[in-house]
Amino acid sequence: MTLTLEEAVGQKLMLAFEGIEPPYRILETIEARHVGGFTLFRALNVESPEQVRSLTGALQDAATRSGQPPLLIGTDQEGGQLMTIADTTPFPGNMALGASGSADLARRTGEALGRELAAVGVNVDYAPVCDVNVNPRNPNVGTRSFGEDPTAVARLCAAMVEGLQSAGVAATAKHFPGHGDAGSDPHYELPVVPHDYDHLARTAFPPFEAAIEAGARMIMTTHVAFPALNDGLALPSTLSTSTLRGVLRHRMGFQGVIISDAMDMGAIEQGSGLIVDSLTAVAAGVDLLLLLDNPEAEEAIVSALTQATRRRLLSLQRARVSAERVLALKRWVSATEQPLLEVVGCPAHARLASEAAERSVTLVLDDAGLLPLRLSAENRLAVIVPRSVDLTPADTSSYFSCDLAEVMRGYPPSVDEFVIPHTPSDADIAALRGRASEYDMIIVGTTNALAEPGQAALVDALVETGVPTIVVGLRLPYDLEAYPAAPTYVCTYGILAPSMEALAGALWGDVPFQGRLPVSIPGLYGTGHGILTG
């Protein structure tokens, strides 16, 4: 059947809305025209797995009633710091898997993530992140990356793709052509990366090539500019014909669906400019526009795409070919039977999350010889951690607390917990330093010490007291660069419960340190470093 212009345009839209059930506006939209699908967001649409399954079921029922093909329903369920669906298994993120070095573990984690998504009715995961994080000060990727070695990242990306898609959920390799060396965040501005094609081919492209080889059904673009791919023009990759049609389609041979990153970011023109950039993205080769909850912009984009195609500014034939790619993906995801909801958070997945955490926790140095811990019930231990916050819009850390102190209370010493602001003040630092002498040992965690000098100042102040101090990089392993005098340093790559339990077990010697650094700590340690115990 040949698609009409309106049907072809409708398949290009990944819409969003606010509500834990479909608002009337959305049901009306589905009834009125074809829609590619919807993206679910933690803050807008998620309350519980049961509620998400009901929501996605209502959306699909509306599509069926209107005579449409099934909808694509996507979300960011990466593991680690970005987990959209609440109360699912808290799997450690990509950098933790990178520290384990295990493709088998990445594959099994991908399959479990996929099964839980399928159970709640989500059929597209915006994962895995294929960015090679070579910039320690990259504000948007960090622990979402598997690491800095392109070959290792490629191997784990392919495994994650295979795992997700074995569960009938489409994997989305992102953010093409690579976001790992950006020095700013496209949520706020346009990052420009100056590398030439050969450099990108060596460092940024291999994970995407591996994902394509593994059968990835979807690739997400980045709003980062690579002038070398655009005759010197600093154009967001989402809008670049030479990047999408030239490199991705023709040179790499990708035949699946290309989806844009969210079109509300600062790197993309907003207001009336969003209409032009949406047309440009489609002309460049984007199959699906990832739109946010903005009904006025949505209607304007639909109208502009329709009019531009009628006026032959955009090709109707290309629109139909693009829509057929989307429809083929819909047929693929619809072929899998929905698992029972009981798979979400099941014991097997909990054991897998614990295995991933235990295989990733990394002992970087222990010059003070503090490990394993040798404390008794008469000893007092202070556990100091920053309050959990979202470091970027692509983050759900604020929905979780760092429960290290609670886990440590399962061991002999008396434990006092201090939760400090993410940006501790001089007064906060002075107060904690003043109390340090009350304790036999201090465990202090940091989450972003390179960007938050107060965290580094606190560590230095505590080390200077002479009280035995263990420092934990709770997210970014690069933090050690900010306080190189730390005598004992451990990395967990995340704050979720399995990682905190694995950390406690490793500190006490119940769990061997098995992880190896998947990134370099500039001036201190290279990839692969880690003191193995047990």
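Strands, as named here, are DSSP runs of at least two residues, and they are numbered from the N terminus. With that in hand, we can start at His175, which lies in strand β7. Keep in mind as we go that the model is predicted.

His175 is worth a look for its backbone. The peptide bond that leads from Lys174 to His175 is cis, and its omega is near 5°. Another cis peptide bond joins Leu371 and Pro372, this time with omega at about -5°. Pro372 sits in a loop, the one between β11 (362–366) and β12 (380–386). These spots are easy to pick out because most peptide bonds are trans, just as most residues other than glycine have a negative phi.

That second habit of the backbone has its exceptions here too. Asp87 is a residue other than glycine, yet its phi is positive, near 60°. You will find Asp87 in the loop between β5 (82–83) and α5 (94–100), where it is exposed, with a relative accessible area of 59%. Asp231 tells a similar story: its phi is also positive, near 50°. Asp231 belongs to the loop between β8 and α10 (241–251), and at 83% relative accessibility it counts as exposed.

Now back to strand β7 and the sheet it belongs to. This is an open sheet of 8 strands in the order β9-β8-β7-β6-β3-β2-β1-β10, with parallel pairing. Its edges are β9 (257–259) and β10 (289–290), each of which pairs on one side only. Further in, β3 and β6 (residues 124–125) pair in the parallel sense over 2 bridges, and here Thr75 stands opposite Asp125 in β6. Helix α13 (residues 316–334) packs on the sheet and touches β3, β7 (170–176), β8 (218–221) and β9. The direction of α13 makes about 85° with that of β3.

Let us stay at the β9 edge for a moment, and pick out Ile258, which has its place in that strand. Is Ile258 buried or exposed? At 0% relative accessibility, Ile258 counts as buried. Leaving aside residues up to four places away in sequence, the residues that Ile258 touches include Ile219, Thr221, Leu244, Leu248 and Arg249. Gly285, Val286, Asp287 and Leu288 are also among its contacts. Another residue to locate from here is Val326: Ile258 and Val326 are 68 residues apart in sequence, but their C-alpha atoms are 9.2 Å apart in space.

Next comes helix α4, residues 49–65. Its 17 residues reach 24 Å from the first C-alpha to the last, close to the 24 Å expected at 1.5 Å a residue. Which residues of α4 are buried? They are Pro49, Gln51, Val52, Leu55, Thr56, Leu59, Gln60, Ala62 and Ala63. Looking down the axis of α4, you would see these buried residues fall within an arc of 165°, so they line one face of the helix. On the other side of α4, Thr64 and Arg65 are exposed. The cover over the buried residues of α4 includes α2 (24–32), β2 (37–39), α3 (42–45) and β3 (72–75), and two of these names, β2 and β3, will be familiar from the order of the sheet. After α4 comes Gly67, with a positive phi near 80°.

Strand β11 came up earlier beside the loop that holds Pro372. In β11, 5 of the 5 residues are buried, so the strand is largely enclosed by the rest of the structure. It runs antiparallel to strand β16 (residues 488–491), and 4 bridges join the two. Within this pairing, Thr362 stands opposite Cys491 in β16.

A cysteine brings us to a last topic. How many disulfides does the structure hold? It holds 0. Cys130 and Cys157 show the reasoning: a disulfide needs sulfur atoms within 2.5 Å, whereas the sulfur of Cys130 is 3.4 Å from the closest cysteine sulfur, in Cys157, and is therefore too far for a bond. Seen from the other partner, the closest cysteine sulfur to that of Cys157 is in Cys130. Both side chains can be placed by their accessibility: Cys130 is buried, with a relative accessible area of 0%, and Cys157 counts as buried at 0% relative accessibility.

Terms used. Residues numbered from 1 in each chain as written. Predicted model: local features only at pLDDT ≥ 70, side-chain atom pairs only at ≥ 80, totals over all residues. Heavy atoms only, no water. Buried < 20%, exposed > 50% of the residue type's maximum accessible area, 1.4 Å probe, protein only. Expected span 1.5 Å × (residues − 1). Arc of directions from axis to C-beta. Contact = heavy atoms within 4.5 Å. Pairing = 2+ DSSP bridges. Axes fitted to C-alpha atoms, helices over the stretch in contact; angles between N-to-C directions.
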